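The following exercises are to be worked with the sequence and the coordinates at hand. Each task is followed by a solution in steps.

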Amino acid sequence: MAEMGSKGVTAGKIASNVQKKLTRAQEKVLQKLGKADETKDEQFEQCVQNFNKQLTEGTRLQKDLRTYLASVKAMHEASKKLSECLQEVYEPEWPGRDEANKIAENNDLLWMDYHQKLVDQALLTMDTYLGQFPDIKSRIAKRGRKLVDYDSARHHYESLQTAKKKDEAKIAKAEEELIKAQKVFEEMNVDLQEELPSLWNSRVGFYVNTFQSIAGLEENFHKEMSKLNQNLNDVLVSLEKQHGSNTFTVKAQPRKKTKLFSRLRRKKNSDSAPEKGNKSPSPPPDGSPAATPEIRVNHEPEPASGASPGATIPKSPSQSSLPAVVVETFSATVNGAVEGSAGTGRLDLPPGFMFKVQAQHDYTATDTDELQLKAGDVVLVIPFQNPEEQDEGWLMGVKESDWNQHKELEKCRGVFPENFTERVQ
């Protein structure tokens, strides 16, 4: 019998809850349609808006703080691996090995301490702060339901009172239900009216304390980390002083070893060499095209009146009648001089001059077509005759001192590693 009674109570409670939901739904529909008035409290609605804003801001702050902590953890792991790498490469006989190991150990402890304090003083406080919101949010929602119950009971009581045929028993019961619904609603409303403004005002102090804690912890962490870094720097300076002769040197990028000038020399030799088997060819007859003398460009000033003139360029030599080497030299030199004159107005620069660089390190040439550089040498950069022969990281040029002294591009030019130099003009 007791079991049946219990089941009856449960069934009755379920039916009551279902009836309440239906009544509330009907009341909300009537209110939306404008057929029933709705109790409004603008001050409370403002408190609810503030509450929602505060919850959104706090949730975002909690998320960003967790991201920050994850980043600290990742930096800790990265710093630990870097310290382990240093310990592995630091050879036993090097001075300061024990100090370096101790610094690495303190570095690891400092990261762990920083992370744990952030958790204790910031994250846990954040969690506690946000922990009060779910209950209040649930109570705000419940207040809203009780307000609908109160409006529904009020409307029912008013409708019975205005009915043509009044039923005093029903009116009395409706009044009793109205008083009960009003009491439940007002109790919840009063409590929330006090708590919500207080919660809203508490955000200022919470934000101040949270960010002060984070800022203080980060400041102390960086101070201690700075000391460790300075100690490590002192250890490495000591190591450098005792092994200063083995400092890191700048290296040039590897070349494909095209040997530009070697190939040019072979071309010149093949163009000017006699045919196989003709050991002493007879000179060509006078007046023939091949008898044209070798052409040379004179860069010296014109001789004074009465002086013996130097070699001059014929007015209109036939390039087709000249040896290949002569034509190449004539074309490169004359055209380069013209380009230099038109482009820069200066004839003291090599043909095709682009810009100047200065050697920052010594470079020892490893092939015949490379320039030997000393720190401080100025190089006049010129283009490659064949761009396809340029290796990545290498430039073509002639040292300014060699150019000023000889003015002979073929003998002075060469390739050099770009990373050994710095552009100055």
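A residue is called buried under 20% relative accessible area, exposed over 50%, and partly exposed in between, with a 1.4 Å probe and protein chains only. The model is predicted: local features need pLDDT of at least 70, side-chain atom pairs count only at pLDDT 80 or more, and totals for chains, interfaces and linings use all residues. Residues are numbered from 1 along each chain as its sequence is written, and side-chain values use heavy atoms, with hydrogens and water left out.

**Exercise 1. Classify Lys407 by accessibility and describe its backbone.**

Step 1. The relative accessibility of Lys407 is 29%, so this residue counts as partly exposed.
Step 2. Lys407 belongs to the loop between α8 (400-406) and α9 (409-412); helices (H or I, at least four residues) and strands (E, at least two) are DSSP runs, numbered from the N terminus.
Step 3. The phi of Lys407 is near 55°, a positive value in a residue other than glycine. Most residues other than glycine have a negative phi.

**Exercise 2. Establish the order of elements along the sequence.**

Step 1. The protein has nine helices and five strands.
Step 2. Along the sequence they follow the pattern α-α-α-α-α-α-α-β-β-β-α-α-β-β.
Step 3. For the protein as a whole, 29% of the 425 residues count as buried.

**Exercise 3. Determine the strand order of the sheet and its pairing.**

Step 1. Two strands pair if DSSP finds at least two bridges between them. The five strands form an open sheet in the order β4-β3-β2-β1-β5, with antiparallel pairing.
Step 2. At the edges are β4 (414-417) and β5 (421-423), each of which pairs on one side only.
Step 3. Strand β2 (residues 378-382) is joined to β3 (residues 394-399) by four bridges, and Ile382 stands opposite Met396 in β3.
Step 4. Four bridges also link β1 and β2 in the antiparallel sense; here Lys356 stands opposite Leu380 in β2.
Step 5. On β5, three bridges connect to β1, and Arg423 is the bridge partner of Val357.
Step 6. Strand β1 (residues 355-359) is largely enclosed by the rest of the structure, because four of its five residues are buried.

**Exercise 4. Compare the span of helix α3 with its expected value, and locate its kink.**

Step 1. The expected span is 1.5 Å times one less than the number of residues.
Step 2. For the 35 residues of α3 (residues 97-131) this gives 51 Å, and the end C-alpha atoms are 50 Å apart, which agrees.
Step 3. The bend at a residue is the angle between axes fitted to the seven residues ending there and the seven starting there. In α3 there is a kink of about 35°, centred on Val119.

**Exercise 5. Describe the surroundings of Phe221.**

Step 1. Phe221 lies in helix α5 (residues 168-242) and is buried, at a relative accessible area of 5%.
Step 2. Contact means heavy atoms within 4.5 Å. Apart from its neighbours within four places in sequence, Phe221 is in contact with Leu110, Trp111 and Tyr114.
Step 3. Leu110 is 111 residues from Phe221 along the chain, yet their C-alpha atoms are separated by 7.2 Å.
Step 4. In the protein, 71% of the contacts with a separation of 6 or more are between residues 24 or more positions apart.

**Exercise 6. Search for disulfides and examine Cys47 and Cys412.**

Step 1. A disulfide is a pair of cysteine sulfur atoms within 2.5 Å; the search of the whole structure finds zero.
Step 2. Cys47 has a relative accessible area of 11% and is therefore buried. Cys412, at 9%, is also buried.
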